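Subject: A structure for you to look at

Hi there,

I am passing on a structure that I have been looking through, and I hope you enjoy exploring it. Please open it first and keep it beside you while you read.

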Amino acid sequence: MKQRMEFIKLEPALHRWLLAQLKHAPATLSGAAELHEAMFDLQEGHVSSLMMELLPADTPAIVPEERLVCGPLTMYPNSHRVLKEGAELLLTPKEFDILLLLMQKPGQVFTKEQIYQAVWGDSYYMDESNIMAFIHKLRRKIEPNSDAPVHLLTVWGVGYRLVDGP
């Protein structure tokens, strides 16, 4: 099936207005971020033209994946991905589960028992070294300096909490 294509020239003022609108578009508006990026590339001269296609009205909306953000970390629980300042971290499944628990409620203090029960699903056997070892490994991956943590903090005598930083 042949489709007719149109070419229009975009005035700079309209282009700036569209960029501003797209920059503040709700995250649930599928495609807005991609269009903003493409229009920015047009403005910067990385591309000279854009081609768009309007999907049929009955096309199901793409629901963006849940995203958790705390400090330099961005977690996508459904795809099991964690980014630190845009770079993907390689976490073991248990490291991921501990970090997920902490990122779901940043600032909340979790005892070692709560972490153990949430991640392992077993009764806590007072094996503090197991949790401490995982926290140490996580700090090496997420902290700028694991010896002086600013995100994954110890609350002495209580447990651990994740914060945005100093």
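Here is what turned up, taken one part at a time.

Please bear in mind that this is a predicted model.

Let's begin with the sheet. Its 4 strands are antiparallel and make an open sheet, ordered β1-β2-β3-β4. Since β1 (68–70) and β4 (87–88) each have a single partner strand, they stand at the edges, so one side of each has no neighbour in the sheet. The pairing of β4 with β3 (residues 81–84) is antiparallel and runs over 2 bridges. If you want a spot to zoom in on, find Lys84, which stands opposite Ala87 in β4.

Next, look for helix α3 (residues 93–104). Helix α3 lies across β1, β2 (73–76) and β3, and runs at about 110 degrees to β2.

The other two helices to look at are α1 and α2. Their axes come within 9 Å and cross at roughly 145 degrees, and the crossing is left-handed. By class, this contact has 8 nonpolar, 3 polar and 1 charged residues. On the α1 side, the residues that meet α2 include Leu18, Leu19 and Leu22, and the partners in α2 include Leu35, Met39 and Phe40.

Finally, which residues are closest to the centre of the second largest pocket? They are Glu6, Ile8, Leu50, Met51 and Met52, out of 22 that line this pocket. The pocket has a volume of about 760 Å³. Its lining divides into 14 nonpolar, 4 polar and 4 charged residues, with at least two supplied by each of α1 (12–23) and α2 (32–44).

Happy exploring, and write back with any questions!

Best wishes

Terms used:
Residues are numbered from 1 along each chain as its sequence is written. This is a predicted model: local features need pLDDT of at least 70, side-chain atom pairs count only at pLDDT 80 or more; totals for chains, interfaces and linings use all residues. Side-chain values use heavy atoms; hydrogens and water are left out. Two strands pair if DSSP finds at least two bridges between them. Contact means heavy atoms within 4.5 Å. Axes are lines fitted to C-alpha atoms, for helices over the stretch in contact, and angles run from 0 to 180 degrees between N-to-C directions. On a 1 Å grid over the protein atoms alone, a cavity is a set of points where a 1.4 Å probe fits but cannot get out, and a pocket is an open set with protein on both sides within 12 Å along at least five of seven lines; lining residues have an atom within 4 Å of a point. Grid points are joined across faces, edges and corners, and a volume is the space filled by probe spheres set on the points. Ala, Val, Leu, Ile, Met, Phe, Trp, Tyr, Cys and Pro count as nonpolar, Asp, Glu, Lys and Arg as charged, and the others, Gly among them, as polar. A crossing is left-handed if the near helix is turned anticlockwise from the far one by less than a right angle, and right-handed if clockwise.
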